[in-house]
Amino acid sequence: MAASSGPAGVGGAGPSGFAFDSGLEIKTRSVEQTLLPLVSQITTLINHKDNTKKSDKTLQAIQRVGQAVNLAVGRFVKVGEAIANENWDLKEEINIACIEAKQAGETIAALTDISSLNHPESDGQITIFTDKTGVIKAARLLLSSVTKVLLLADRVVIKQIITSRNKVLATMERLEKVNSFQEFVQIFSQFGNEMVEFAHLTGDRQNDLKDEKKKAKMAAARAVLEKCTMMLLTASKTCLRHPNCESAHKNKEGVFERMKVALDKVIEIVTDCKPSGETDISSVSIFTGIKELKMNIEALRENLYFQSKENLSATLEVILERTEDFTDSAYTSHEHRERILELSTQTRLELQQLISVWIQTQSKKTQSIAEELELTVLKFSHSLNELKKELHSTATQLAADLLKYHADHVVLKALKLTGVEGNLEGLAEYACKLSEQKEQLVEICRLLRHISGTEPLEITCMHAEETFQVTGQQIISAAETLTLHPSSKIAKENLDVFCEAWESQIGDMSTLLREINDVFEGRRGEKYGYLSLPKPMKNNANLKSLKPDKLDSEEQAKIAKLGLKLGLLTSDANCEIKKWEDQENEIVRNGRNMSSMAYSLYLFTRGEGPLKTSQDLIHQLEVFAEEGLKLASSVQVFSKQLKDDDKLMLLLEINKLIPLCHQLQTITKTPLQNQVFLKIDKCIIKTRSMMAILVQLLSLCYKLLRKLQMENNRWVSVTNKDSVDGKT
């Protein structure tokens, strides 16, 4: 399992009395990731040709791999048994799977043992050379049993998260009813520990999710809980200090309600249960609709009966209906509105023309009609692209202008001032202005959601929309409380906390806007939407120290020196990537993602780029390590096409990368403990080592791919020549 992005200081049974330490899950995943490449090597070795004479070096390699698999299985079984002993309801199932895994590991070790080959009297010994089927069966049994253990362990983790959520909810109910400061302090201390524990569990789970959409939803829910924890503290204290103040109670109730919704959302994600009536966000995105419509239109080239004309027309009308969000907006300029309407009309006419030619093609099927169909398909696609560009331009320009206009937070400053002065008239004036600002931002979020381009970014837009909607109203109620009690320090502190949340979301919107532009312009693929996700809980159990630290000038200078080599390696990796003809190759995509993230890390060492704090860096490194493991997996898949010697050479390089990924995950998981610089120093060094291996892997994979293509072409050429000779 990937390293946690949640707070440190949680492990073992802890105050919760949990029987299963999430560290066991980390060990399980770590062993799994070590085990699978070794099984891949076993599969490679048993695919050798029977008539090929094996050198002593190859024979020893076979034995080493078999022993390594058996040792890894042994470690895996110990972890599985530990989980079983602490979870009696699953003990029998886990133990059976562990026994199967152990038997498979021992079988592989025995069949790959070549010591018997050196003794003539042991000629009857069954080995990999006499029983390939046995090794294949053992490898399959091993994978099957490992999968069973992991699935059962996953059930334990889900149970942990649900139990932890229930404890948090129970403590929240006590906090809602508390009447004295002393009682509040005691319960909130317990609540803080439970929230840290919950953040730790959900952070591990978020990193472990493969579905980017679910990962984005989890990150959004965790971001709400992180920010609301501080809001809950100040809002509750304000309510206790001013028990008869209606706005204070309203402020506190809003925080409780939002946290409960976020807690429920986390459980929906981990249990994969969608509430009845929930609609898929893809159904409301214009860009998603355009993408699907273009795919359906282009499919007509292969199959004229793939779609009905009614379906295509209906799909386009739904898209054009959604563009009314842009044309009806009071913030859309007259020029943009006219251009969108003009392009909508043109697109509708182009589709009518396409349908007309399509019907003729179904009946006549002549060369000229086929060419005309191709032309109308191209024209219609071009019209859709032009509409897409105009919508993107409209939304991003509006967002950029609005964020620039509100960057100085004049309204928030005015609200704070009127509150301290007790100016009720001023409060009404600036509360009205903040409501207008809120409505503007909410509408911009809706427009950006239409043109975001990826599901994770759509989810981030929805999260931003909800945050502005809720936080705006909470700021007004907090300001009202301060205005009624202008000398109250806790009421002032409470307003400051809500204003900071608003300012933070404005900053996140700027990052989101850059990412949407990157996706639209092709600078970042769908799989690299990581920075768009709300930040996870910080690595600190102290709830008051949620603001991340920046490095001082001296540390920044030292880090800059470390980053120079990283920048050069990024350039080397990009050069290797450019050599590949197929830029959508999975290896290239993983390599490009790693290179792009490494470049962000390099910019951080110079005090530039999107990563502003050490916590931003740590989060990016966690994702970088995950991408490294994905690359290793992609290269393993590619290696299956290669011959034994080439495959072994490639797998040796992979086995250098995987441990580095695990080491980096371990470093990022380690608490800072006031040694931020030392932690960053270690991380940059590990990242440089991983980038060096990435450059080697990209170069080696490219050469082996070219070699494979040449061999295939030669085989085809010889086959064709034989066919011609036969005819002659």
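Helix H15, which covers residues 455-484, has 30 residues and reaches 44 Å from its first C-alpha to its last, close to the 44 Å expected at 1.5 Å a residue. This helix belongs to a predicted model, and it is a pleasant place to begin a tour. Of the 30 residues of H15, 22 are buried, so the helix is largely enclosed by the rest of the structure.

One partner of H15 is helix H14, residues 424-451, and the two pack at an angle of about 175° with their axes 8 Å apart. Angles over 145 degrees count as roughly antiparallel, and H14 and H15 are therefore roughly antiparallel to each other. Sorted by class, the contact of H14 with H15 has 16 nonpolar, 5 polar and 7 charged residues.

It helps here to step back to the whole chain. Its secondary structure comes to 21 helices and 0 strands. The chain has 728 residues, and buried residues make up 52% of them. The accessible surface comes to about 34,000 Å², and carbon and sulfur atoms account for 52% of that surface. Contacts across the sequence can be described too: among those between residues at least 6 apart in sequence, 79% join residues at least 24 apart.

A second helix pair is formed by H9, residues 309-322, and H11, residues 334-364, which pack at an angle of about 175° with their axes 11 Å apart. H9 and H11 are therefore roughly antiparallel to each other. On the H9 side, the contact is made by Lys309, Leu312, Ser313, Leu316, Glu317 and Leu320. On the H11 side, the residues are Ser344, Thr347, Arg348, Leu351, Ile355, Trp358 and Ile359. A useful rule for reading such lists is that an α-helix has 3.6 residues a turn, so residues three or four places apart point the same way. By class, the residues of the contact of H9 with H11 divide into 7 nonpolar, 3 polar and 3 charged.

Helix H11 also holds Ser356. With a relative accessible area of 34%, Ser356 is partly exposed. The C-alpha atoms of Ser356 and Thr376 are separated by 9.7 Å, while the two residues stand 20 residues apart along the chain.

Moving on along the chain, His409 lies in the loop between helix H12 (367-405) and helix H13 (410-421). This residue has a positive phi of about 55° although it is not a glycine. Buried residues are those under 20% relative accessible area, and His409, with a relative accessible area of 15%, is buried.

Two further residues bring the tour into later helices. Glu576 lies in helix H17, residues 553-579, and at 12% relative accessibility it counts as buried. Leaving aside residues up to four places away in sequence, Glu576 touches Val695, Leu698 and Ser699.

Lys630 is found in helix H19, residues 614-639. At 27% relative accessibility, Lys630 counts as partly exposed. Lys630 and Ile658 are 28 residues apart along the chain, and their C-alpha atoms are separated by 9.8 Å.

Notes:
Residues are numbered from 1 along each chain as its sequence is written. This is a predicted model: local features need pLDDT of at least 70, side-chain atom pairs count only at pLDDT 80 or more; totals for chains, interfaces and linings use all residues. Side-chain values use heavy atoms; hydrogens and water are left out. Helices (H or I, at least four residues) and strands (E, at least two) are DSSP runs, numbered from the N terminus. The expected span of a helix is 1.5 Å times one less than its number of residues. Buried means under 20% relative accessible area, exposed over 50%, partly exposed in between (1.4 Å probe, protein chains only). Axes are lines fitted to C-alpha atoms, for helices over the stretch in contact, and angles run from 0 to 180 degrees between N-to-C directions. Angles under 35 degrees count as roughly parallel, over 145 as roughly antiparallel, 65 to 115 as roughly perpendicular and the rest as oblique. Ala, Val, Leu, Ile, Met, Phe, Trp, Tyr, Cys and Pro count as nonpolar, Asp, Glu, Lys and Arg as charged, and the others, Gly among them, as polar. Contact means heavy atoms within 4.5 Å. Accessible areas come from the Shrake-Rupley method with a 1.4 Å probe; for residues, only the protein chains shown count as cover.
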